[in-house]
Amino acid sequence: SASHQPKSTTSTPLAPPRTTKMPHPLAPLATSFKSLHSPGPILLPNVYDATSARLVAALPSTKALATASYALALAGGTTDAELTLDLHLSLLPPIGAVARGAGLPLTVDLQDGYGERLEEAIKGVLSQEIGAVGINLEDSTAGGKLLDVDTAAERIKRALEIAKGEGVGDFVVNARSDAHFVGGTVDEAIERGKRYLEAGATTVYILAPPGQLMGEGDVVKIVQELGGKVNLAPRWVKPDGGKIEGGLTSRDLVRLGVARISVGPSLYFAAAKALKDAAGFVFGEE
């Protein structure tokens with residue numbers, strides 16, 4: 001009978017243990033940084049080295065640190081167009097250390113994401129040495145050529161997927177829509193921006209062409225069309241450090257309802273002029 005059958009000595013194989021990726025230590029900081037954009041605005045005086053980062057971090061109004069690749073490149077002895085990913089990542093740890101010490105979120109201007117090295121770039125800025133919780137991601141190359149809008153939107157999705165895979169689900173992508181910047185219309189930049197928000201970007205950054213200032217009418221249109229999920233720059237400082245008259249201030253942009261305000265390399269230009277003037281004073285060149 002069945003009762004006389006020998007018992008099997010083989011045990012039922014155990015199911016493999018479930019592997020759940022532990023949350024990244026940066027995850028809470030990313031969530032906090034993302035929340036600063038809504039209702040906003042978050043104001044970001046862009047830094048470029050440890051000294052500028054420390055000075056900005058010490059200001060009571062500072063809620064986060066942001067880099068500007070143009071200024072970072074100049075401070076690192078190269079140009080924005082020639083800033084390689086390897087050099088870029090090597091220049092960021094001192095700024096990351098300041099951000100960690102101050103308990104502030106850090107977002108990095110990652111240019112166009114470095115093409116096929118996008119995954120390496122995202123993982124690099126998420127590293128312990130840098131500790132960024134967001135990036136700028138441009139839709140034009142260093143040569144001023146616009147990426148196909150589908151390609152640009154897909155790269156935003158990919159960047160967010162990579163960050164989520166690392167355990168940072170609220171990673172912030174500030175997607176630069178450069179159609180107007182390279183000579184197109186504001187409307188073209190807005191339409192591309194809508195695609196980027198659909199792809200998961202937190203905000204869309206629209207710049208006026210070099211040497212031009214954004215008018216209030218354009219800002220109103222951009223804010224309305226993109227639901228306020230916009231990063232704009234106020235009246236900025238010229239490369240020679242001189243102030244530009246007219247244009248919209250940060251207070252104007254706050255009044256008009258943008259979510260995020262940044263200044264690009266303006267602090268670098270202002271600091272460079274102050275340094276030049278001070279050195280000239282030493283030489284008696286007042």
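How many salt bridges does the structure hold? The structure holds 16. The model is predicted. The views below take the nonpolar core, then selected charged pairs.

**View 1. The largest nonpolar core, with 72 residues.** Leu65, Ile122, Val125 and Phe171 have the most contacts inside this core. Helix α7, residues 149-165, gives the most to the core, with eight residues. In soluble globular proteins, nonpolar side chains tend to be buried together.

**View 2. The surroundings of Val125.** Residues up to four places away in sequence are not counted here. Val125 touches Leu89 and Leu92. Val125 also touches Val108 and Leu110. Further contacts of Val125 are Ile130, Gly131, Ala132 and Ile135. Phe171 is touched by Val125 as well; both residues are among those with the most contacts inside the largest nonpolar core.

**View 3. A salt bridge within helix α6, between Glu119 and Lys123.** The two side chains meet at 2.9 Å, N to O. Helix α6 spans residues 118-125. Because Glu119 and Lys123 are four residues apart in this helix, about one helical turn separates them. Glu119 counts as partly exposed, at 33% relative accessibility. Lys123 counts as partly exposed too, at 36%. Side chains of opposite charge can pair when their charged atoms come close.

**View 4. A network of salt bridges that includes Glu119 and Lys123.** Arg158, Glu161 and Glu166 are linked with Glu119 and Lys123 in this network.

**View 5. The salt bridge of Glu138 with Arg176.** The closest N and O atoms are 3.4 Å apart. This pair links distant parts of the chain, 38 residues apart. Glu138 lies in strand β4, residues 134-138. Arg176 lies in strand β5, residues 172-176. Are the two partners buried or exposed? Glu138 is buried, with a relative accessible area of 10%. Arg176 is buried, with a relative accessible area of 12%. Both values fall under the 20% cut-off for buried.

**View 6. The salt bridge of Asp178 with Arg176.** Here the closest N and O atoms are 2.8 Å apart. Asp178 is buried, with a relative accessible area of 0%. Arg176 is buried as well. Arg176 thus forms salt bridges with Glu138 and with Asp178.

Definitions and conventions: Residues are numbered from 1 along each chain as its sequence is written. This is a predicted model: local features need pLDDT of at least 70, side-chain atom pairs count only at pLDDT 80 or more; totals for chains, interfaces and linings use all residues. Side-chain values use heavy atoms; hydrogens and water are left out. A nonpolar core is a set of buried Ala, Val, Leu, Ile, Met, Phe, Trp, Tyr and Cys residues joined through side-chain atoms within 4.5 Å. Buried means under 20% relative accessible area, exposed over 50%, partly exposed in between (1.4 Å probe, protein chains only). Helices (H or I, at least four residues) and strands (E, at least two) are DSSP runs, numbered from the N terminus. Contact means heavy atoms within 4.5 Å. A salt bridge is a side-chain nitrogen of Lys or Arg within 4 Å of a carboxyl oxygen of Asp or Glu.
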